[in-house]
Amino acid sequence: MAPQVLYRVVYSTTNPTPSQINRLVIEPATLPQYTRRRVRDCDYPAIVPSSEPGACVRGTYVRGLTRDDQWRLDLFEGSQYERIRLRLHLRDRKRNEGEEMEAETYVWAEDTRGLEDGEWDFEEFSREKMGRWIGNDEEYEGELRPSIAANVITVEVDEAVRKKDPTGGRGVNGIIGGKLEVKGKSEKEVLESAV
């Protein structure tokens with residue numbers, strides 16, 4: 001739902017080039033018979049099946065992801081989620097229901113007792129918490145973020161959650177964010193050395 005977070009994960013920057021932006025097509029979509037709940041003590045949501053009449057999750061459908069992009073997204077989502085194929089509805093700009101299709105999405109794989117009862121609020125996240133997830137690219141242009149250099153190799157999202165990191169290690173200064181940053185930096189070096 002937040003293109004800047006998606007760009008940070010797949011491109012290691014929140015300010016991708018025009019060709020990178022154009023490679024991905026992001027469309028509004030809804031996922032019927034699911035609901036989005038807050039993960040306890042965290043900034044991020046989980047989607048879970050719902051038997052409530054009319055239940056659906058509004059989100060986005062992304063076309064153009066590569067296998068490497070998918071690997072990065074799997075790393076970002078961690079073991080708390082399972083990537084599964086579900087049926088969704090694309091929406092037009094006026095939010096009218098359109099084409100029904102299959103797509104893969106990340107569904108909560110852990111015990112639902114780890115979720116709060118209320119619906120996760122995207123507007124609140126955007127307004128109050130987005131900075132933890134996207135940071136300021138200009139601040140560290142051309143160098144590895146100091147917090148990333150110290151945490152490059154091991155711990156998964158689950159460890160960050162146990163340590164009460166509200167981004168679950170996925171934020172700019174988190175463990176998973178660090179792994180993505182390092183991979184993006186090495187890819188950039190390979191590309192520059194090929195030129």
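Which element gives the most to the lining of the largest pocket? In this predicted model, that element is β4, which contributes six residues to the lining. The pocket itself has a volume of about 1,200 Å³, and of the 40 residues that line the largest pocket, those closest to its centre are Met1, Thr60, Glu77, Thr105 and Tyr106. Two or more lining residues come from each of the helices α1 (3-11), α3 (67-77) and α4 (122-134), and likewise from each of the strands β1 (25-32), β3 (45-49), β4 (56-63), β5 (81-91) and β6 (97-108). When the residues of this lining are divided by character, 27 are nonpolar, five are polar and eight are charged.

Attention may next be turned to the nonpolar cores. In soluble globular proteins, nonpolar side chains tend to be buried together. In the present model, the largest nonpolar core has 25 residues, and those with the most contacts inside this core are Val5, Val39, Tyr81 and Trp108. The elements that supply two or more residues to the largest core are α1, β3, α3, β6 and α4, with α1 giving the most, namely six residues.

The surroundings of one core residue, Trp108, can be described in further detail. When residues up to four places away in sequence are not counted, Trp108 touches Val39, Ala46, Ile47, Val48, Gln80, Tyr81 and Leu115; among these neighbours, Val39 and Tyr81 are themselves listed with Trp108 as having the most contacts inside the largest core. A second core, separate from the largest one, consists of 12 residues and includes Ala29, Leu31, Val57 and Leu86.

Technical notes:
Residues numbered from 1 in each chain as written. Predicted model: local features only at pLDDT ≥ 70, side-chain atom pairs only at ≥ 80, totals over all residues. Heavy atoms only, no water. 1 Å grid on protein atoms, 1.4 Å probe; cavity = no way out; pocket = protein on both sides within 12 Å on 5 of 7 lines; lining within 4 Å. Points joined across faces, edges and corners; volume = space filled by probe spheres on them. Helix = DSSP H or I, 4+ residues; strand = E, 2+ residues; numbered from the N terminus. Nonpolar A, V, L, I, M, F, W, Y, C, P; charged D, E, K, R; others polar. Core = buried A, V, L, I, M, F, W, Y, C linked by side-chain atoms within 4.5 Å. Buried < 20%, exposed > 50% of the residue type's maximum accessible area, 1.4 Å probe, protein only. Contact = heavy atoms within 4.5 Å.
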